[in-house]
Amino acid sequence: MLRISSPLPGFGLGMGLLLAGLSLVVLLPLAALLGEGIAMGPAALAGHLASPRVLSALALSFRAALIASAFNLVFGLALAWVLTRYRFPGRRLIDAAVDLPFALPTAVAGIALTALYAPNGIFGQALAPLGITVAYTEIGIWLALVFVGLPFVVRTVQPVIDEIDRECEEASATLGASRARTLRRVVLPVLTPSLLTGFALALARSVGEFGSVIFIAGNLPGKTEIAPLLIVIRLEEYDYAGAAAIGLAMLGISFSMLLLINATQVWNRRRIGHV
Amino acid sequence: MTLAFLRNPATALAIVLAAGGAVTPTFALAETRLLNVSYDPTREFYRAYNELFTQWWEAQGHDPVTIEQSHGGSGAQARAVIDGLEAQVVTLALASDIDAIAQRSDVLSSDWQAKLPHNSAPYTSTIVFLVREGNPKGIKDWQDLIGEGVQVITPNPKTSGGARWNFLAAWGWALKASQGDEDRARDYLTQLFKHVPVLDTGARGATTTFAKRGVGDVLLAWENEAFLALAEMGDDAFDIVVPSVSILAEPPVALVEGNIESDDQREVAQAYLEYLYSPEAQALALAHYYRAWDKSRATDEDIERFPDLELVTIADFGGWAEAQPRFFGDGGIFDQIYAD
């Protein structure tokens with residue numbers, strides 16, 4: 001019997017609730033998906049994935065998620081920095097607005113972005129003379145994913161920036177380091193773990209994003225058709241195995257990427273020591 | 001200690017799961033209820049029809065009945081019924097979706113379509129073009145859709161029932177235009193989809209893309225959706241263009257035998273579907289821009305709205321059982337068009 005001595009009782013109840021909750025919400029659906037994959041066998045699985053259309057949808061989903069998360073990494077860091085380090089009127093309002101993508105139904109975000117960036121929308125009309133079309137192209141997909149991923153980076157980096165000891169930066173400056181060097185050698189190393197975590201969360205969130213993207217993507221097979229939409233299309237064809245195959249592929253790739261990011265975290269921590 | 005058993009994770013897990021099972025509610029049926037599972041563009045029609053039916057039903061001396069509606073993409077609605085949504089009545093966009101319910105579950109027998117008149121389609125529609133006011137691109141027929149610089153809006157036939165009718169209407173015209181040459185029909189469809197900049201997942205989404213977002217020059221639409229768009233957004237924004245050939249779209253209805261719980265419920269469900277064919281309900285369908293069969297109670301305005309045109313039918317394609325896999329199945333003609 002597993003016993004961990006703790007001054008507070010309730011380990012059994014807590015563990016039971018944890019197992020029940022986790023099983024119902026996470027483990028059972030994933031096991032069903034894996035079971036479907038095992039039932040069809042690796043050959044059939046590969047067969048479902050080998051079509052150019054599936055491959056291009058998977059490539060699009062992961063490419064767009066990577067681009068959007070990379071953008072959020074830079075933009076989110078800047079936003080978090082400004083929000084924590086400076087005091088200006090309206091700061092709290094902007095700070096609250098960062099959470100909106102969490103709260104807003106993603107379909108609403110998708111429709112709003114499409115309305116703004118469609119050829120007859122305010123931004124769409126302004127960008128048209130420059131030859132840039134956002135809605136119904138891959139750029140539209142990036143935009144939607146930037147929207148849903150932004151709060152993840154900001155909210156993971158913000159508390160860390162808040163805790164950075166400003167004296168370290170001042171010491172670095174008095175010791176003759178340039179601003180760029182202070183940023184590179186003093187500030188960024190401290191922020192790296194939280195930046196990576198934020199990046200990983202934003203990436204994981206945007207790879208599977210469906211609601212906002214289908215409104216702004218053109219949904220053309222091989223061009224702007226994302227993998228989650230292809231899963232829905234397979235279900236409409238009653239092709240449950242085909243849908244499960246794409247789901248498994250997404251699960252596998254996402255899991256590997258998160259693993260890679262975690263490994264980078266560990267490596268990074270060893271390199272610069274615990275921060 | 002009284003709560004000692006809670007220390008054991010397995011016991012606690014079992015208790016939590018049992019508690020979850022114990023609170024499963026059991027509802028008592030106070031009155032007869034019907035759930036009608038339908039597709040997107042019928043919202044307005046069934047809202048009006050349910051009122052008409054319940055009034056008539058109570059006037060016949062029956063107990064009151066509560067009718068609940070559910071709307072969504074036709075294919076997704078069919079899947080919900082297969083997965084256990086307890087609909088007593090389904091009213092979907094095409095027969096193949098009801099066929100799918102019959103094939104993939106045991107709630108419906110496969111001869112459902114013979115049980116009501118007109119292939120179980122109390123109202124029909126067709127596919128027309130909605131163009132911008134004044135028809136600036138001069139679109140008159142299917143051939144003009146693949147003209148230089150013309151953009152066509154249609155939803156994805158994989159996810160939208162209406163889009164399948166669009167696709168087959170285009171195919172029907174192309175076959176007629178080329179004296180039955182299937183290769184040329186395929187070429188035409190390939191060309192046509194090169195002119196499609198956005199594939200929405202449903203008919204309502206495509207209407208929004210065209211009407212609200214200003215994308216595209218032509219919308220391939222259900223005739224009833226096109227009239228509705230004119231009625232709701234003003235007829236000075238769009239024009240309807242009727243092509244030389246289109247398709248007779250038959251959205252069918254069926255009683256879902258396996259979800260009937262009592263004789264009372266069966267009686268109401270049966271009456272609900274049969275009353276759709278009554279002169280009053282047919283007039284209501286005509287007023288909601290559907291082509292209905294019985295015009296005896298309809299106003300002249302509702303009858304004269306519909307132009308005559310040559311219509312191919314789904315039977316020309318060998319019925320949905322043949323057309324569905326051939327055109328829209330995995331690796332079917334629609335997939336081949338995008339693979340080229």
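**Chain B: a four-stranded sheet and its helices**

Let me begin with helix H9 of chain B, residues 223-233, which lies across strands E5, E7 and E8 of chain B and runs at about 115 degrees to E7(B). Please keep in mind throughout that what we are looking at is a predicted model.

The strands I just named belong to an open sheet of four strands in chain B, whose order is E6-E7-E5-E8 and whose pairing is mixed. Strand E6, residues 152-153, and strand E8, residues 238-241, stand at the edges of this sheet with a single partner strand each, so one side of each is left without a neighbour in the sheet.

If we turn to the E6 edge, E6(B) pairs with strand E7 of chain B, residues 218-222, in the parallel sense and over two bridges, and B:Ile153 stands opposite B:Leu219 in E7(B). Helix H8 of chain B, residues 203-211, also packs on the sheet, where it touches E5 (127-132), E6 and E7 of chain B, and its direction makes about 150 degrees with that of E7(B).

Let me finish with helix H5 of chain B, residues 117-120, which contains B:His118 and in which B:Ser120 is also found. Phi of B:His118 is near 50 degrees, a positive value in a residue other than glycine, and for B:Ser120, likewise a residue other than glycine, phi is positive and near 60 degrees. Are these residues buried, or partly exposed? B:His118 counts as partly exposed because it has 14 C-beta neighbours inside 10 Å, whereas B:Ser120, with 21 such neighbours inside 10 Å, counts as buried.

Note on methods. Residues numbered from 1 in each chain as written. Chains lettered and ligands numbered in written order. Predicted model: local features only at pLDDT ≥ 70, side-chain atom pairs only at ≥ 80, totals over all residues. Pairing = 2+ DSSP bridges. Contact = placed C-beta atoms within 7 Å. Axes fitted to C-alpha atoms, helices over the stretch in contact; angles between N-to-C directions. Buried ≥ 20, exposed ≤ 12 C-beta atoms within 10 Å, placed from the backbone.
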